[in-house]
Amino acid sequence: GSLTEAKDLKLELYDLQGRQVRQEQLGRVNDAFQHTMELPDLASGIYLLKLSDGKGRLLRTEKVEVLQD
């Protein structure tokens, strides 16, 4: 999927057991956006970040590492 036009986007974060640990609606964004998630309640480790559009189509999946102090 392309992120070139503005879309309603949803971010979902899953642990490696497949449990959803966070979900955020981003509203309308274009291809040059940044988003910061505060995750003080999550343990350090690897998570899957899923980005989908307003119609529920998966646009992207990324592995992300959460590092807590």
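This tour moves through the structure in steps, from the whole chain to single residues.

**The whole chain**

Please note at the outset that the model is predicted. Begin with the complete protein in a ribbon view. The protein contains four strands and zero helices, and reading along the sequence gives the pattern β-β-β-β. Now switch on the molecular surface. The protein exposes about 4900 Å², and carbon and sulfur atoms supply 46% of that area. Of the 69 residues in the protein, 29% are buried. Contacts also reach across the sequence: among those with a separation of 6 or more, 42% are between residues 24 or more positions apart.

**The sheet**

Return to the ribbon and select the four strands. In what order do the four strands stand in the sheet? The order is 2-1-3-4, in an open sheet with antiparallel pairing. Next, select residues 20-29, which are strand 2, and residues 58-66, which are strand 4. Both strands stand at the edges, and each has a single partner strand, so one side of each is left without a neighbour in the sheet. Turn the view to look across the strands: on average, neighbouring strands of this sheet are turned by 20° against each other, direction ignored.

**Strands 3 and 4**

Select residues 45-53, which make up strand 3, together with strand 4. These two strands pair in the antiparallel sense over eight bridges. To follow the pairing at one position, select Gly 45 and look opposite this residue, where Val 66 stands in strand 4.

**Salt bridges**

Show the side chains for the next stops. Side chains of opposite charge can pair when their charged atoms come close. How many salt bridges does the count give? The count comes to six; three of these pairs are visited here, beginning with Asp 8 and Arg 28.

Select Asp 8 and Arg 28. They form a salt bridge in which the closest N and O atoms are 3.4 Å apart. This pair links distant parts of the chain, since Asp 8 lies in strand 1 (residues 7-14) and Arg 28 in strand 2, 20 residues apart. Asp 8 is partly exposed, with a relative accessible area of 35%, whereas Arg 28 counts as exposed at 56%.

Select Lys 10 and Glu 12. Their salt bridge has its closest N and O atoms 3.8 Å apart. Is Glu 12 buried or exposed? Glu 12 is buried, because its relative accessible area of 12% is under the 20% limit for that class. Lys 10, with a relative accessible area of 22%, is partly exposed.

Select Arg 22 and Asp 41. In this salt bridge the closest N and O atoms are 2.9 Å apart. The pair again links distant parts of the chain: Arg 22 is in strand 2, and Asp 41 is in the loop between strand 2 and strand 3, 19 residues apart. Arg 22 counts as buried at 18% relative accessibility, while Asp 41 is exposed, with a relative accessible area of 55%.

**The loop between strand 2 and strand 3**

Remain in this loop and select Pro 40, which is found there as well. Pro 40 counts as exposed at 69% relative accessibility. Finally, add Gln 68 to the selection. Although Pro 40 and Gln 68 are 28 residues apart along the chain, their C-alpha atoms are separated by 7.5 Å.

Note on methods:
Residues are numbered from 1 along each chain as its sequence is written. This is a predicted model: local features need pLDDT of at least 70, side-chain atom pairs count only at pLDDT 80 or more; totals for chains, interfaces and linings use all residues. Side-chain values use heavy atoms; hydrogens and water are left out. Two strands pair if DSSP finds at least two bridges between them. Axes are lines fitted to C-alpha atoms, for helices over the stretch in contact, and angles run from 0 to 180 degrees between N-to-C directions. Buried means under 20% relative accessible area, exposed over 50%, partly exposed in between (1.4 Å probe, protein chains only). Contact means heavy atoms within 4.5 Å. Accessible areas come from the Shrake-Rupley method with a 1.4 Å probe; for residues, only the protein chains shown count as cover. A salt bridge is a side-chain nitrogen of Lys or Arg within 4 Å of a carboxyl oxygen of Asp or Glu.
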